[in-house]
Amino acid sequence: MRVELRGTIRAALGTSELDLDVPAGGIPLSRLLDEIAAAHPRARPYLGPSTGNSVLRPVHNGTVVPAGEDPLVCPHDQPLLIHAVAGG
């Protein structure tokens, strides 16, 4: 699976995407983020505990994941991690 990176996490890791192995049955988004943090220590400041960190906004198949939700991410999905921005 390809995870697209934008903004601060892209700059921190020096890449615009990560290739990860995801089980055919999928994994919860929180676990995917934990695996990214474990494999890429420089990503840890952006991947707070259980997607509750406001630094990044996970996007799952084109939809922003609301805080507290933990969707199942499958191999064919298109996750994106983007810097959170405030509107006004």
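At 33% relative accessibility, Glu-35 counts as partly exposed. Its salt-bridge partner is Arg-31, and the two side chains meet at 3.2 Å, N to O. Arg-31 is also partly exposed, at 42% relative accessibility. Both residues belong to helix H2, and because they are four residues apart there, about one helical turn separates them. The model that shows this pair is a predicted one.

From this pair we can step back to the whole chain. The protein chain has 88 residues, and 38% of them count as buried. Its secondary structure comes to two helices and seven strands. Read from the N terminus, these elements follow the order β-α-β-β-α-β-β-β-β. The accessible surface of the chain is about 5,000 Å², and carbon and sulfur atoms account for 51% of this surface. Contacts can also be sorted by how far apart the partners lie in sequence. Among contacts between residues at least 6 apart, 53% join residues at least 24 apart.

Next comes the sheet. Five strands form an open sheet with mixed pairing, and their order across the sheet is E2-E1-E7-E4-E5. Strand E2 (17-19) and strand E5 (63-64) stand at the edges; each has a single partner strand, so one side of each is left without a neighbour in the sheet.

Consider the edge formed by E2. Strand E1, residues 2-5, pairs with E2 in the antiparallel sense over three bridges. In this pairing, Arg-2 stands opposite Asp-19 in E2. Arg-2 also takes part in a salt bridge, but with another residue of E2: its side chain meets that of Glu-17 at 3.3 Å, N to O. The pair links distant parts of the chain, since Glu-17 in strand E2 and Arg-2 in strand E1 are 15 residues apart. Arg-2 is partly exposed, with a relative accessible area of 41%, and Glu-17 is partly exposed as well, at 32%.

A search of the whole structure finds three salt bridges. Besides the pair in H2 and the pair that joins E1 to E2, there is one between the side chains of Glu-4 and Arg-6, at 2.9 Å, N to O. Glu-4 has a relative accessible area of 23% and is partly exposed. Arg-6, at 35% relative accessibility, counts as partly exposed too.

At the other side of the sheet order, E4 sits between E7 and E5. Five bridges join E4 to E7, and these two strands run antiparallel. One of the facing pairs is Leu-56 with its bridge partner in E7, His-83. E4 and E5 also run antiparallel, joined by two bridges, and here Val-59 stands opposite Val-64 in E5. How enclosed is E4 by the rest of the structure? Four of its five residues are buried, so E4 is largely enclosed.

E4 and E5 form a hairpin with two residues between the strands. Asn-61 is found in this loop. Most residues other than glycine have a negative phi. Asn-61 has a positive phi, near 55°, although it is a residue other than glycine. Asn-61 is partly exposed, with a relative accessible area of 40%.

Now return to helix H2, where the account began. H2 covers residues 29-39 and lies across E1, E2, strand E4 (56-60) and strand E7 (79-83), running at about 70° to E7.

Which residues touch the most other members of the largest nonpolar core? This core has 20 residues, and the ones in question are Val-3, Leu-5, Ile-9, Leu-32, Ile-36, Leu-47 and Leu-81. The elements that give two or more residues to the core are E1, helix H1 (8-13) and H2. H2 supplies the largest share, five residues.

Leu-5 serves as an example of a core residue and its surroundings. Leaving aside residues up to four places away in sequence, Leu-5 touches Arg-10, Leu-13, Thr-15, Ser-16, Glu-17, Leu-18 and Leu-81. Glu-17 appears here again: besides touching Leu-5, Glu-17 forms the salt bridge with Arg-2. Leu-81, like Leu-5, is among the core residues that touch the most other members.

Terms used
Residues numbered from 1 in each chain as written. Predicted model: local features only at pLDDT ≥ 70, side-chain atom pairs only at ≥ 80, totals over all residues. Heavy atoms only, no water. Pairing = 2+ DSSP bridges. Contact = heavy atoms within 4.5 Å. Axes fitted to C-alpha atoms, helices over the stretch in contact; angles between N-to-C directions. Core = buried A, V, L, I, M, F, W, Y, C linked by side-chain atoms within 4.5 Å. Buried < 20%, exposed > 50% of the residue type's maximum accessible area, 1.4 Å probe, protein only. Areas by Shrake-Rupley, 256 points an atom, 1.4 Å probe, with all protein chains shown as cover. Salt bridge = Lys/Arg side-chain N within 4 Å of Asp/Glu carboxyl O.
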